[in-house]
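Here are my comments on the model, as numbered points. Please keep the structure open while reading.

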Amino acid sequence: MSTPNRVYIARLAGVAVFDPNGDQVGRVRDAVARMRPTQRPPEVVGLVAEMPMRRRIFLSINRITSIDPDAVVLGSGTLNLRRFEKRPNELLVLQELLDRRVQLESGQAGSVVDVAMEHSRGGEWALTRVAVREQTGRLTRRGHLHQVEWDRVRGLGVMGDSNRGTANLLAVLEDMRPADLANALQDLPDARRNEVAAALDDERLADVLSELPERDQVEILAALDRERAADVLEEMDPDDAADLLNELPPPEQDVLLDLMEPGEADPVRQLLRYASGTAGSVMTSEPVILPPDATVAEALARIREVQLSPAVAAQVFVTRAPLTTPTGRYLGMVHFQRLLREPPADLLGGIVVNDIDPLRTSTLLTEITRRMATYDMVGMPVVDRSNRLVGAVTVDDVLDHSLPRDWRDRDAAPTPSATDDGTLDDE
């Protein structure tokens, strides 16, 4: 095996995994160690890799030919696609050891910030060293970092979830996309998941909640105090906040809406009024809206704003004032590709397109899907009876509500195609 003799596992999180042909098969999410009945350090038996469709599989350490800071390379293109399940005598190093409160031989208390595995001459990998940061009791001073042998740290053998912080686990997870972080949270025990979620800032937690199954959304929100829950709802897109509130009893909905800022709560209240399965219930109430006398340059600047999703930024809707939903009279829309082809000083009113009838708030999801597919639309306007723009349905809204309700649940993800013995073979 061509690899460093000692590897710190937190640094492997997110590293790409490649097969012998150089094709990426997933990313490292954790390491699996087997506890031993003796005092010997736990044996590392493999890595957990996340593949497409949020499936986590086990990679035996014996099938890995090299490990470095940029890549993990497998010695075989044959993968066991069975979903990884931890056995009773195993531990997930990052999930269960990071932030654990431990004690050094000197009696100094600290928390685990990383764990190293080493390759012995006999070909075995084991957890041999632990990076522990002292607890100082001062908010403004970080404690000394110690790298000590596994058997010189007390508290590593107790596999409970209590008495832990979240800082080091969050540091490992911070670069993940919201969907991947949501997937990682689903692997944690409920109490640990709620701790980590609560430690995220409001904007990050809002993004992650939008990627979780409704059951987990509700449980995490319920674990927060109501003022914090309202703050997080304010950071969510109105349609996502409305979907989440729809899972709560009406009295709890009212309490949280009253705690939100009126300007953030009003569009959510409006969305909650529409019947389920209609354009009104799935639309976003904050599409890109500009007046007809805005220029192409202004429109391009608007859709470049980083907080806009690709689907929302794909088109600009043109209306009379006022420009917040419900707007003045709807005039039409301009796709971003048309904006790229027009002179920057031209007015939107001169290039607006209105040859496709907008949706009504009562249009059913099946009809929305049919019309978007017919006209190859990424987004469609939704108007009320007075022809005022009240929102837009985008392709991600349609997908989100067309898939089974449990599609975000990692355990319900479809199984990739495989051979009869549960492996995927190179051809």
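1. Start with the small sheet. This is a predicted model, and it contains an open sheet of 3 strands in the order E18-E19-E20, with mixed pairing. The edge strands are E18 (359–360) and E20, and each pairs on one side only.

2. Next, the register at one side of that sheet. E18 and E19 pair in the parallel sense, over 2 bridges. Leu359 has Val382, in E19, as its bridge partner.

3. The turn from E19 into E20 deserves a look. Asn387 sits in the loop between strand E19 (379–383) and strand E20 (389–394). Its phi is positive, about 65°, although Asn387 is not a glycine. Is Asn387 buried or exposed? Neither label fits: Asn387 is partly exposed, because its relative accessible area of 25% falls between the cut-offs of 20% and 50%.

4. Asp99 also has a positive phi, about 75°, and is not a glycine. This residue belongs to the loop between helix H1 (93–97) and strand E10 (101–104). Asp99 has a relative accessible area of 2%, so it counts as buried, the limit being under 20%. Please check the backbone here by eye.

5. Two cis peptide bonds call for inspection. One joins Ala321 and Pro322, with omega about 5°. The other runs from Thr325 to Pro326, with omega near -10°. Where do they fall in the fold? Pro322 is in the loop between strand E16 (315–319) and strand E17 (330–335). Pro326 lies in the loop between E16 and E17 as well.

6. Now the largest pocket. Its space comes to about 1200 Å³. Several helices give two or more residues each to the lining: H3 (178–187), H5 (202–209), H7 (226–235), H8 (238–245), H10 (262–272) and H15 (395–402).

7. Which residues lie nearest the centre of the largest pocket? They are Asp207, Asp237, Asp240, Gln307 and Ser309, out of 39 lining residues. By class, the lining of this pocket divides into 18 charged, 15 nonpolar and 6 polar residues.

8. To sum up, three places to revisit. Look at the E16–E17 loop, which holds Pro322 and Pro326. Look at the positive phi values of Asp99 and Asn387. Then look at the centre of the largest pocket, where Asp207, Asp237 and Asp240 are among the nearest lining residues.

Conventions: Residues are numbered from 1 along each chain as its sequence is written. This is a predicted model: local features need pLDDT of at least 70, side-chain atom pairs count only at pLDDT 80 or more; totals for chains, interfaces and linings use all residues. Side-chain values use heavy atoms; hydrogens and water are left out. Helices (H or I, at least four residues) and strands (E, at least two) are DSSP runs, numbered from the N terminus. Buried means under 20% relative accessible area, exposed over 50%, partly exposed in between (1.4 Å probe, protein chains only). Two strands pair if DSSP finds at least two bridges between them. On a 1 Å grid over the protein atoms alone, a cavity is a set of points where a 1.4 Å probe fits but cannot get out, and a pocket is an open set with protein on both sides within 12 Å along at least five of seven lines; lining residues have an atom within 4 Å of a point. Grid points are joined across faces, edges and corners, and a volume is the space filled by probe spheres set on the points. Ala, Val, Leu, Ile, Met, Phe, Trp, Tyr, Cys and Pro count as nonpolar, Asp, Glu, Lys and Arg as charged, and the others, Gly among them, as polar.
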